[in-house]
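This briefing concerns the cysteines, the nonpolar surface and the nonpolar cores of the structure shown below. The points are grouped by topic.

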Amino acid sequence: MRRRPSEFRRPVRRRLFSNLLWWPLCAVAVLLFIYILSKGSQIESRPALSRRSYRHERIMEGLNVTEEMLNPNSVARQLSDQVSLAKAFVVIAKESNNLQFAWELSAQIRNSQILLSNAAIRRAPLTVGESEASIRDMAILLYQAQQFHYDSATMIMRLKAKIQGLEEQMSSVNEKSSKYGQIAAEEVPKSLYCLGVRLTTEWFRDSSLQRKFKERKQMDMKLKDNNLYHFCVFSDNILATSVVVNSTALSSRSPEKVVFHLVTDEINYSAMKAWFSMNSFCGVTVEVQKFEDFTWLNASYVPVLKQLQDSETQNYYFSGSNVDARTPIKFRNPKYLSMLNHLRFYIPEVFPELKKVVFLDDDIVVQKDLSGLFSLDLNGNVNGAVETCMETFHRYHKYLNYSHPLIRAHFDPDACGWAFGMNVFDLVEWRKRNVTGIYHYWQEKNVDRTLWKLGTLPPGLLTFYGLTQPLDPSWHVLGLGYTNVDHQLIEKGAVLHFNGNSKPWLKIGIEKYKPLWEKYVDYSHPLLQSCNFH
């Protein structure tokens, strides 16, 4: 084999010497680095340890946890864990109808709790000797519970089944509560029915009432005077309407300038005329009509009347059989097809000579002078109303079906909703813009109830879209018939609205708000006393 030239040979000795020198230097550097780090960590760790121990003590103090309870070998901790597990087994045993075993577990739980309580009183840890018997007896019972298949998996499954059963019960109770609440809200109290019957009897018995009513109607030119304050109420509730008129009169600075136009149905027409003929309200003028006398109100002109003649619509609203079980009962209330409810969309036809009207629901109370409403500038709009969109619930998308292309194409889903119940209507603008025709258009489009389901507010939102002037919220305070209302809002409110099922004349009315309504009822009136109003 040929040897390499001398210049290519490895310098073995020189490299060996350099390696021997390099490794000790590296070791010294590493040791020095470790030493410096350890010194630094000791310096930094001291305050951290003190902070950690201080924090630990504060947590222990706040939770009232003793050192014994934190000790894994603690007798008290073992006994406490047994009690917690035994309590769970007691529930499962009762669910399984094993009452004897549940009683035994409960007795042993009491024994263990007495031991723990005595130890806490004397502030000394439990000893093995005094707790050994209790721990052993409890362990035997817990073992028996496992033999009864009361293991964790079984417990979880049974608890899940129990929770599901409770949820189903709660759902059923809520449904029944909604159903019975709706029925209670729709009922006519015996006292109101009695008042209607007695007033009707008085009307036909006492000819002076009829004569007084005719004379007042013929002589009173105030009914067409646009310089006065005209209010309209459409209702079949005599007492509620009386409260609206009475509260408005008592709150008005000039009651002699107030004119009320009341419209009711054939059944309550005589009773309503009798009540407002025999009672005076501080000089307020009151007109009573029935909608059956309006010749223009017929099925060829009014879509709601046309729908009432449809068999499918009648079955939906009036039939006891619930074809679509998913539809809540409140959507199947016949009052939503009542002409008294929809007459608000025909105010220009009802009062052809008037230029401005304030519409009031029959479940309101007036506690401020409302003459200022007639001087409000609606800025060319038709409807003056208080907006209710302080929360997202009262925006358009909560009332209308935005899956329908017609709704989606014409209306902003986040547009602000507003309330019926106290509305200022400019009838001149109404006629000019043919607002009733807009209402007819949307009502005919909703024959199959795909645009909305409930009430007059959804078609009102469509009809007056872009034609509504927001009013100051103090003009109209809502919610007294279903929720808590801020006391300051009630004090400042001009009109208080008992919207909701809990009307103040019903037993289900909210008790704390009833006095706001009842103070305008004269319970000393002979007819009210005879009908047991109190």
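In this predicted model, C282 has a relative accessible area of 43%, so the residue is partly exposed, above the 20% limit for buried residues and not over the 50% required for exposed ones. C232, by contrast, is buried, because its relative accessibility is 0%. The structure also holds two disulfides, treated next.

**Disulfide of C194 and C531**
- C194 and C531 are joined by a disulfide with an S to S distance of 2.1 Å.
- The torsion about this S-S bond is about -75 degrees, so the disulfide of C194 and C531 is left-handed.
- C194 belongs to helix 7 (residues 190-205), whereas C531 is found in the segment after helix 21 (526-530); the pair therefore ties together parts that are 337 residues apart in sequence.
- C531 counts as buried because its relative accessibility is 4%, under the 20% cut-off.

**Disulfide of C389 and C416**
- The sulfur atoms of C389 and C416 are 1.8 Å apart and form a disulfide.
- This link of C389 and C416 is left-handed, with -95 degrees about the S-S bond.
- C389 sits in the loop between strand 6 (383-385) and helix 15 (405-410), and C416 in the loop between helix 15 and strand 7 (422-426), so the disulfide ties together parts that are 27 residues apart in sequence.
- Both C389 and C416 are buried.

**Pairing order**
- When the bonded cysteines of the chain are numbered in sequence order, the pairing reads 1-4, 2-3.

**Nonpolar surface patch**
- A nonpolar patch on the surface is formed by V188, Y193 and V197, which together have about 330 Å² of accessible area.
- Within the patch, V188 lies in the loop between helix 6 (152-186) and helix 7.
- V188 has a relative accessible area of 57% and is therefore exposed, the cut-off being over 50%.

**Nonpolar cores**
- The largest nonpolar core has 61 residues, and those with the most contacts inside it are L195, F260, F276, L360, L373 and L480.
- Helix 9 (residues 238-251) gives the most to this core, contributing seven residues.
- Leaving aside residues up to four places away in sequence, L195 touches I238, W275, L527, L528, C531 and F533; C531 is also a partner in the disulfide with C194.
- A second, separate core has 44 residues, among them F291, Y346, A415 and F420.

How values were computed:
Residues numbered from 1 in each chain as written. Predicted model: local features only at pLDDT ≥ 70, side-chain atom pairs only at ≥ 80, totals over all residues. Heavy atoms only, no water. Disulfide = S-S within 2.5 Å. Helix = DSSP H or I, 4+ residues; strand = E, 2+ residues; numbered from the N terminus. Buried < 20%, exposed > 50% of the residue type's maximum accessible area, 1.4 Å probe, protein only. Patch = residues over 30% accessible without salt bridge, like charges linked within 9 Å, V, L, I, M, F, W, Y side chains within 5 Å. Areas by Shrake-Rupley, 256 points an atom, 1.4 Å probe, with all protein chains shown as cover. Salt bridge = Lys/Arg side-chain N within 4 Å of Asp/Glu carboxyl O. Core = buried A, V, L, I, M, F, W, Y, C linked by side-chain atoms within 4.5 Å. Contact = heavy atoms within 4.5 Å.
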